[in-house]
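Got the viewer open? Here is a short tour, one selection at a time.

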Amino acid sequence: MGYSGARGGLEAILAAEDLVRHKRDHAPVPWASTGQITARFRLAVDRVMGEAGLYDEPTAAAALRQAEGDTLEASHLLRAKRSTLPRLAVSEPVDPDEMTILRRIVPAFRSPDGPQLLGRTSDYTGRLLEQPDGPPEPPAELSAEPSGEGVARTEEQRRPRRFLELLRKLELVDEQPAHDDPEPHDITRKPARPPAARSAVLAAMARAETGALVALWYRSILGPDGDVHEITLGELRHGRLPLRVRHPHTGNPVAVGEFRVTEAEAVEDLDGAEEDRTRFGVGYGLCFGHNERKAIAMANLDIANRRFGRSGPLEQLLLMTIDGLDSGGFLEHLKLPHYVTFRSMAERKQAMRAAAEAGEEPPARIAGPAGKDCR
């Protein structure tokens with residue numbers, strides 16, 4: 001078999017880079033500003049921020065524009081940008097009960113404590129494609145709130161008590177003790193490997209590629225690994241939380257901004273032989289921005305991992321396969337030159353064919369590239 005490597009690789013790479021920039025920067029359409037992208041493609045921007053682990057809407061919008069709408073590539077750009085930024089401070093722990101609610105639904109209970117706030121959602125709209133010829137006419141009256149999240153609500157309505165409080169009051173919750181995972185695991189500085197603390201698994205899921213996390217959740221509830229689930233979404237929230245840091249001179253916590261998150265609590269029936277069958281297990285999910293699919297999958301996988309993760313493959317899958325940059329990067333690298341690898345594979349096939357034609361047993365090992373033995 002004749003085999004030869006391609007020449008002129010550097011020239012081709014530079015030409016490809018020039019073509020990307022030219023087509024992106026000189027497209028025959030108006031330039032899309034970061035503000036336009038943030039306003040028109042808010043869910044994509046939120047997804048990029050969550051998968052990159054950096055909350056900065058304008059920078060995420062710029063990454064999405066540079067990546068031409070590829071959310072995984074945009075997350076890669078944003079995570080690379082984050083690696084160049086100095087870590088000036090560590091924020092103070094924040095209580096999710098401080099959230100100013102923009103959207104809140106309680107699928108598990110018809111009359112929860114506090115209102116159901118549907119907020120900005122397409123859950124109840126028909127999936128009919130609209131194809132307007134131009135921008136819509138401005139409304140006669142603007143929303144009652146500057147954020148456009150719906151009618152004005154009181155402070156009490158924006159911070160209702162949790163559905164979980166009702167379950168606690170009825171003594172129906174089997175909760176994990178907090179002392180078994182006192183310090184959050186920072187996966188940006190130290191990779192997590194099984195067996196891992198719950199905080200490490202939650203952090204991995206919060207930064208996971210959304211599609212990978214949803215796929216793993218779907219596999220989990222379908223039960224190919226023998227795990228049995230009876231799940232209910234207890235509560236789903238989207239809102240704003242305060243960001244606080246310690247003042248460098250006074251040492252007092254100071255609010256320096258806000259960030260949006262999506263939070264989910266999943267309720268699961270406990271029916272295992274060693275489980276408390278008189279109570280429910282509760283899973284938790286929280287991620288940057290408005291990304292309900294990720295938060296719901298995260299909450300369900302949280303409780304599933306604590307029930308089945310150590311006895312099956314779930315924890316290993318959560319920690320090692322759902323990061324978009326890891327999995328996507330491995331897939332993308334297949335497009336790079338693999339001349340030596342494939343030549344070695346082809347020569348092994350030829351050697352085995354020659355041995356078979358000569359009536360000989362194929363060798364157990366055949367010399368591979370750089371003197372290495374290949375099976």
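Helices and strands on this tour are DSSP runs, helices of at least four residues and strands of at least two, numbered from the N terminus. Keep in mind that you are looking at a predicted model.

**Stop 1: two prolines in a row.** Start with Pro195, in the loop between strand S2 (173-174) and helix H8. Which way round is the peptide bond from Pro194 to Pro195, cis or trans? Show the backbone and you'll find it cis, with omega near -10°.

**Stop 2: H8 against H10.** From that loop, carry on into H8, residues 198-206, and add H10, residues 292-308. Two packed helices are described by the angle between their axes and the distance between the axes. For H8 and H10 the angle is about 150°, and the axes are 10 Å apart. Angles over 145 degrees count as roughly antiparallel, so that is the label for H8 and H10. The crossing of H8 past H10 is right-handed. Now put side chains on the contact: Arg198, Val201, Leu202, Met205 and Ala206 come from H8, and across from them sit Lys294, Met298, Leu301, Asp302, Asn305 and Arg306 of H10. Colour this contact of H8 with H10 by class and you get 6 nonpolar, 1 polar and 4 charged residues.

**Stop 3: H3 across H4.** Move back towards the start of the chain and select H3 (42-52) together with H4 (57-66). The axes of H3 and H4 cross at roughly 100° and come within 9 Å. Anything from 65 to 115 degrees counts as roughly perpendicular, and H3 and H4 therefore fall into that group. On the H3 side, pick Ala44, Val45, Asp46, Val48 and Met49; on the H4 side, pick Glu57, Ala60, Ala61 and Leu64. The contact of H3 with H4 has 7 nonpolar residues and 2 charged ones, with no polar residues.

**Stop 4: H4 onto H5.** Keep H4 on screen and bring in H5, residues 71-82. How far apart are the axes of H4 and H5? They are 8 Å apart, with the helices packing at an angle of about 130°. That angle makes H4 oblique to H5, and the crossing is right-handed. To see who touches whom, select Thr59, Ala60, Ala63, Leu64 and Gln66 in H4, then Thr71, Ala74, Leu77, Leu78 and Lys81 in H5. By class, the contact of H4 with H5 comes to 6 nonpolar, 3 polar and 1 charged residues.

Before leaving, click on Glu68 in the loop between H4 and H5. Its phi is near 55°, a positive value in a residue that isn't glycine.

**Stop 5: an open pocket.** Next, switch to a surface view. Rolling a probe the size of a water molecule over the atoms shows where empty space is left. The second largest pocket has a volume of about 670 Å³. To find its centre, select Leu43, Ser122, Asp123, Glu292 and Arg293, which are the closest to it of the 22 lining residues. At least two lining residues each come from H3, strand S1 (100-105), H9, strand S3 (231-246) and H10. Which of these elements gives the largest share of the lining? That is H3, with 4 residues. The lining of this pocket has 8 nonpolar, 6 polar and 8 charged residues.

**Stop 6: a closed cavity.** Last selection. How many cavities of 30 Å³ or more does a search of the whole structure find? The search turns up 1, and the largest cavity has a volume of about 30 Å³. Select Arg219, Ser220, Asp225, Asp227, Leu314 and Leu317 to see its lining. H9 (210-222) and H11 (314-320) each supply at least two residues of that lining. By class, the cavity lining divides into 2 nonpolar, 1 polar and 3 charged residues.

Terms used: Residues are numbered from 1 along each chain as its sequence is written. This is a predicted model: local features need pLDDT of at least 70, side-chain atom pairs count only at pLDDT 80 or more; totals for chains, interfaces and linings use all residues. Side-chain values use heavy atoms; hydrogens and water are left out. Axes are lines fitted to C-alpha atoms, for helices over the stretch in contact, and angles run from 0 to 180 degrees between N-to-C directions. Angles under 35 degrees count as roughly parallel, over 145 as roughly antiparallel, 65 to 115 as roughly perpendicular and the rest as oblique. A crossing is left-handed if the near helix is turned anticlockwise from the far one by less than a right angle, and right-handed if clockwise. Contact means heavy atoms within 4.5 Å. Ala, Val, Leu, Ile, Met, Phe, Trp, Tyr, Cys and Pro count as nonpolar, Asp, Glu, Lys and Arg as charged, and the others, Gly among them, as polar. On a 1 Å grid over the protein atoms alone, a cavity is a set of points where a 1.4 Å probe fits but cannot get out, and a pocket is an open set with protein on both sides within 12 Å along at least five of seven lines; lining residues have an atom within 4 Å of a point. Grid points are joined across faces, edges and corners, and a volume is the space filled by probe spheres set on the points.
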